[in-house]
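Open the model in your viewer and keep the selection tool ready. The stops below are meant to be taken in order.

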Amino acid sequence: MAWRDIASPVRDGAILRSDLHAAPVAGRLPVLLIRTPYGRHQYRDGSLVAKAIERGYAVVVQDVRGRHESTGAFDPYKNEGRDGYDTIEWIAAQPWSNGRVATAGLSYPGAVQWLAAVETPPHLVCAFPAMCFSSARQFFYFGGAFDLSWLPWTANNIAPDDRRRRNVSGPHTTREARDWWRDHGGEALRRVPLRGHPLLEGVTPFYDEWLDHPDDGPYWDFAELERRYASVKVPVFNFSGWHDEGYGPVGATRNFAGLCANGGTPDARRPRLVIGPWVHGEPKPETRKVGDRDFGEGAGLDYDALVLDWCDLHARGVDRGLRSEPPVRLFVMGANRWRAETTWPVPSTPRTLYLRAGGGLTSEPPAAGETPARFVFDPNDPVEDPHFDAGLGAHDQRAIEARQDVLVFSTPPLDQDLEVVGSVEFRLWVASSAPDTDFYCRLLDLDRDGAVWNLMSPTLEVVRAKYRHGEEEPEYLVPGQPVELVFRAALTANRFLRGHRIRVQVTSSFFPHLDRNPNTGRPSAIESTLVPARQVVFHDAGRPSRVTLPVVS
């Protein structure tokens with residue numbers, strides 16, 4: 001594709017470099033803007049850009065501040081609102097632009113759209129931010145635990161270019177960094193303390209800064225969207241997958257509901273929501289297998305067409321059928337079909353199942369005196385995801401159930417299908433010998449062949465005990481004293497088929513998705529000592545541990 005280099009200034013004098021892609025036609029065109037930290041060159045042969053040009057757009061693909069050929073310092077997410085606003089308004093004033101700017105992109109290129117949209121740029125007409133967050137506290141940390149995927153993200157994607165700019169030794173290209181990670185990544189993830197990682201010596205200071213702020217507070221306002229929906233004036237398409245990174249479905253559903261309630265214009269209060277069975281990344285029309293689970297022919301989707309149909313509707317006034325479609329489409333795993341809905345949350349009936357002695361999961365509450373379950377959590381020997389190298393997605397989880405530190409609770413085989421769509425709540429009564437520790441509650445589908453399928457990202461399954469009453473200020477445990485932990489981040493859409501069993505796993509780690517709690521009460525960022533904790537899970541009449549499912553018809 002033909003493209004030419006362009007440079008645009010932003011308000012503090014930084015110069016952002018972009019590729020301009022456009023067909024050689026006279027006149028002004030609507031513009032599709034994509035902003036990325038990963039290198040604009042990656043889009044020069046991209047299908048979305050080519051298809052957008054065919055539909056009559058000029059396409060601008062920009063290196064964000066401090067990345068590749070754009071000047072300034074890269075500090076993830078913190079400058080993207082202002083820089084996005086300035087770029088949109090600069091584009092609108094160019095002779096090749098008709099002043100109507102749409103935005104698209106997934107993950108970081110999705111987040112930059114949100115951060116620009118809440119700045120209310122006058123010439124933005126719509127946005128398609130796929131697979132991104134709604135709040136820093138479900139993005140950098142989950143349930144109070146640090147998301148360790150930020151280490152390979154920083155080391156492989158950001159640090160090489162930062163070394164080149166700072167003239168620091170080490171890998172200077174993404175390929176070199178990934179070659180190193182392939183051989184040494186496991187060791188890098190296990191290194192404690194988290195702060196001051198030698199892999200990032202002399203570069204990417206933001207990583208340690210994130211670790212220095214384990215509590216919620218004003219520091220994280222730079223990535224907070226949930227209080228800013230009234231500033232959004234344009235229609236937004238929210239898009240994710242049930243097996244996306246945990247922030248994806250949480251962000252998509254919360255952003256959709258927040259815009260419906262508080263968007264700044266009637267158009268902004270008419271967002272869209274699509275969640276498929278997918279992992280992080282663009283689904284394809286032929287997609288049917290996600291991880292190891294086959295979701296059938298209906299699981300695929302033409303992502304490029306959906307993005308451009310949305311942009312056509314709002315930037316060009318061309319309706320390719322989207323206007324008549326329902327505002328919410330959700331893929332139900334197990335049933336392997338799509339649900340069309342008018343709202344989120346989907347209307348449902350709560351059904352509570354209780355953890356029972358002996359590994360049962362029943363609708364009947366426990367009696368007094370049921371013996372609690374016990375295990376030892378040793379962060380030096382954590383439960384490890386046996387499928388970590390294969391990536392996110394649906395995988396058989398039964399291998400970890402042989403460990404003494406994984407508790408298992410199951411229903412009898414179901415006598416009829418049970419469809420669950422929405423947020424899942426766990427209430428777990430526990431005690432620990434540690435002043436702080438982690439607990440994971442995992443909802444799974446045990447099929448007739450014995451496979452135990454996870455239904456979401458593991459980052460949605462954890463609570464760090466010291467944050468049980470909120471993440472603003474830690475409240476430490478009294479060793480041995482029972483407390484109730486409430487888990488509200490989990491969400492999914494799954495039909496548990498007749499003959500299947502609903503299963504819950506309870507443990508205290510699922511490494512290396514999140515950092516291991518050292519069990520000492522000291523922050524993981526600075527703690528180099530990891531000690532075992534004796535864990536107790538209660539399930540008696542006075543302390544009924546349970547899961548509540550949103551059951552739909």
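Select Asp 438 and show what surrounds this residue. Leaving aside neighbours within four places in sequence, Asp 438 is in contact (heavy atoms within 4.5 Å) with Ala 145, Val 462, Val 463, Arg 464, Thr 507, Ser 508, Asp 515, Asn 517 and Gln 535. This is a predicted model, in which local features need pLDDT of at least 70 and side-chain atom pairs count only at pLDDT 80 or more, while totals for chains, interfaces and linings use all residues. Residues are numbered from 1 along each chain as its sequence is written, and side-chain values use heavy atoms, with hydrogens and water left out.

Asp 438 belongs to strand β21, residues 438-446. Helices (H or I, at least four residues) and strands (E, at least two) are DSSP runs, numbered from the N terminus. Is Asp 438 buried or exposed? Its relative accessibility is 1%, so Asp 438 counts as buried. The term buried means under 20% relative accessible area, exposed means over 50%, and partly exposed lies in between, with a 1.4 Å probe and protein chains only.

Now add Asn 517 to the selection. The side chains of Asp 438 and Asn 517 make a polar contact at 2.9 Å. Such a contact is a pair of N or O atoms within 3.5 Å; within protein, one must be able to donate a hydrogen and the other to accept it, and residues adjacent in sequence count only if both atoms are side-chain atoms.

Go next to Arg 464, which sits in strand β23, residues 462-464. Arg 464 is also buried, at 5% relative accessible area. Not counting residues up to four places away in sequence, Arg 464 touches a list of residues including Gly 143, Gly 144, Asp 436, Asp 438, Asp 515 and Asn 517.

The next stops are helix pairs. Two packed helices are described by the angle between their axes and the distance between the axes. Axes are lines fitted to C-alpha atoms, for helices over the stretch in contact, and angles run from 0 to 180 degrees between N-to-C directions.

Select helix α4 (residues 150-166) and helix α5 (residues 174-190), whose axes come within 10 Å and cross at roughly 155 degrees. The two helices are therefore roughly antiparallel. Angles under 35 degrees count as roughly parallel, over 145 as roughly antiparallel, 65 to 115 as roughly perpendicular and the rest as oblique. The crossing of α4 and α5 is right-handed: a crossing is right-handed if the near helix is turned clockwise from the far one by less than a right angle, and left-handed if anticlockwise. On the α4 side, the contact is made by Leu 151, Pro 152, Ala 155, Asn 156, Asn 157 and Pro 160. On the α5 side, it is made by Thr 174, Ala 177, Arg 178, Trp 181, Ala 188 and Leu 189. These contact residues divide into eight nonpolar, three polar and one charged. Here Ala, Val, Leu, Ile, Met, Phe, Trp, Tyr, Cys and Pro count as nonpolar, Asp, Glu, Lys and Arg as charged, and the others, Gly among them, as polar.

Move to helix α2 (residues 80-92) and helix α3 (residues 108-117), which pack at about 80 degrees with axes 7 Å apart. α2 and α3 are therefore roughly perpendicular to each other. Glu 80, Gly 81, Gly 84, Tyr 85 and Ile 88 of α2 meet Tyr 108, Val 112, Leu 115 and Ala 116 of α3. This contact has six nonpolar, two polar and one charged residue.

For a third pair, select α1 and helix α8 (residues 303-316), with an angle of about 40 degrees and axes 10 Å apart. α1 and α8 are therefore oblique to each other. The residues that meet are Ser 47, Leu 48, Lys 51 and Ala 52 in α1, and Asp 304, Val 307 and Leu 308 in α8.

Stay on α1 (residues 47-54) and pick Ala 50. This residue is partly exposed, at 25% relative accessibility. The C-alpha atoms of Ala 50 and His 21 are 8.6 Å apart, with their positions 29 residues apart along the chain.

Finish with the backbone. Where is Pro 193 found? Pro 193 is in the loop between α5 and α6 (206-211), and a cis peptide bond joins Val 192 to Pro 193, with omega about -5 degrees. In the loop between α5 and α6 you will also find Thr 204, a residue other than glycine with a positive phi near 45 degrees.
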